Amino acid sequence: MCCCAEKAGVTITKECIGCIVKKDCISEASVPVVTEPLHTVWNAPSSPVFISAGTVRRSGMDFVADQLFDGRKIRSLTVVDNYSRQCLAIHVGQSLKSEDVVAVMNRLQSLYLTVPDRIQVDNGSEFISKFLDKWAYDNKVTLDFSRPGKPTDNAFIESFNGSFRDECLNAHWFLSLDDAREKIEHWRQEYNSFRPHSSLGGLTPDEVGKGKEKPTNERPILNL
């Protein structure tokens, strides 16, 4: 937490106490790939994006369940870039469907002007739907489905979701859906901008996402 406050140039307050820096020491090379046969590997649209040398651009998606103060259920769709560890989006709703997943991906595509080569997901009904399958086919994206009962197949998103639950969901009461969205988005921005990761050599996800090289044997390359 001290590193976060020092990097942000602010003083630790009572509101910061709920934030616990969770070290992420997962090696990207340890994540197995399970490829859905419906999709063929394609090259995503050309864009100057920093990625791990010798690999494709890869993201992970998953759902996290929680509730409002009065017991009403909510769900959060989390989207994480596996290389930079950036949380690209957390979409919060009470009843999320495959159409919502596609809408989030379309918004991210408009924002970043590209799509990942591969997206790792589980076998939930929202991810195996024809609606998402068509989006992936149209955008030349491969969906990598986790093996049943093997959450480690999508290790980066599982690690992120653990931090998300411990540091945000369990630290707040959500008075309404709008209140949940506001607090979760605030946490997402703090996670990306002010949270150095040991696995990123002390850099924040945003710093790596903007092209600052991780001090490892991996190097950023330009995808042309």
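**A sheet, a helix and some salt bridges**

Me: In what order do the 5 strands of the open sheet stand?
Reply: In this predicted model, the open sheet has mixed pairing among its 5 strands. Strand S4 (87-93) and strand S6 (142-145) stand at the edges, each with a single partner strand, so one side of each is left without a neighbour in the sheet. Neighbouring strands of this sheet are turned by 25° against each other on average, if direction is ignored. Reading across the sheet, the order is S4-S3-S2-S5-S6.

Me: In which sense do strand S2 and strand S3 pair, parallel or antiparallel?
Reply: Strands of a sheet pair through backbone hydrogen bonds, and the pairing can be either parallel or antiparallel. Here strand S2 covers residues 58-67 and strand S3 covers residues 73-81, with 9 bridges between them. One of the residues involved is Ser59, whose bridge partner in S3 is Asp81. The sense in which S2 and S3 pair is antiparallel.

Me: What angle does the direction of helix H4 make with that of S2?
Reply: Helix H4, made of residues 155-167, packs on the sheet, where it touches S2, S3 and S4. Its direction, set against that of S2, makes an angle of about 35°.

Me: How many residues apart in sequence are the parts that Arg75 and Glu126 tie together?
Reply: The side chains of Arg75 and Glu126 meet in a salt bridge, with 2.8 Å from N to O. Arg75 lies in strand S3, whereas Glu126 lies in the loop between strand S5 (118-121) and helix H3 (130-138), so the pair ties together parts whose separation in sequence is 51 residues.

Me: Is Asp153, the salt-bridge partner of Arg147, buried or exposed?
Reply: The closest N and O atoms of Arg147 and Asp153 are 2.8 Å apart, and the two residues form a salt bridge. Arg147 counts as partly exposed, at 40% relative accessibility. Asp153 has a relative accessible area of 2%, and because a residue under 20% counts as buried, Asp153 is buried.

Me: Which helix holds both Arg181 and Asp178?
Reply: The side chains of Arg181 and Asp178 meet in a salt bridge of 3.7 Å, taken from N to O. Arg181 is partly exposed at 37% relative accessibility, while Asp178 is exposed with a relative accessible area of 53%. Being 3 residues apart, they are separated by about one helical turn, and the helix that holds them, residues 177-194, is H5.

Key:
Residues numbered from 1 in each chain as written. Predicted model: local features only at pLDDT ≥ 70, side-chain atom pairs only at ≥ 80, totals over all residues. Heavy atoms only, no water. Pairing = 2+ DSSP bridges. Helix = DSSP H or I, 4+ residues; strand = E, 2+ residues; numbered from the N terminus. Axes fitted to C-alpha atoms, helices over the stretch in contact; angles between N-to-C directions. Contact = heavy atoms within 4.5 Å. Salt bridge = Lys/Arg side-chain N within 4 Å of Asp/Glu carboxyl O. Buried < 20%, exposed > 50% of the residue type's maximum accessible area, 1.4 Å probe, protein only.
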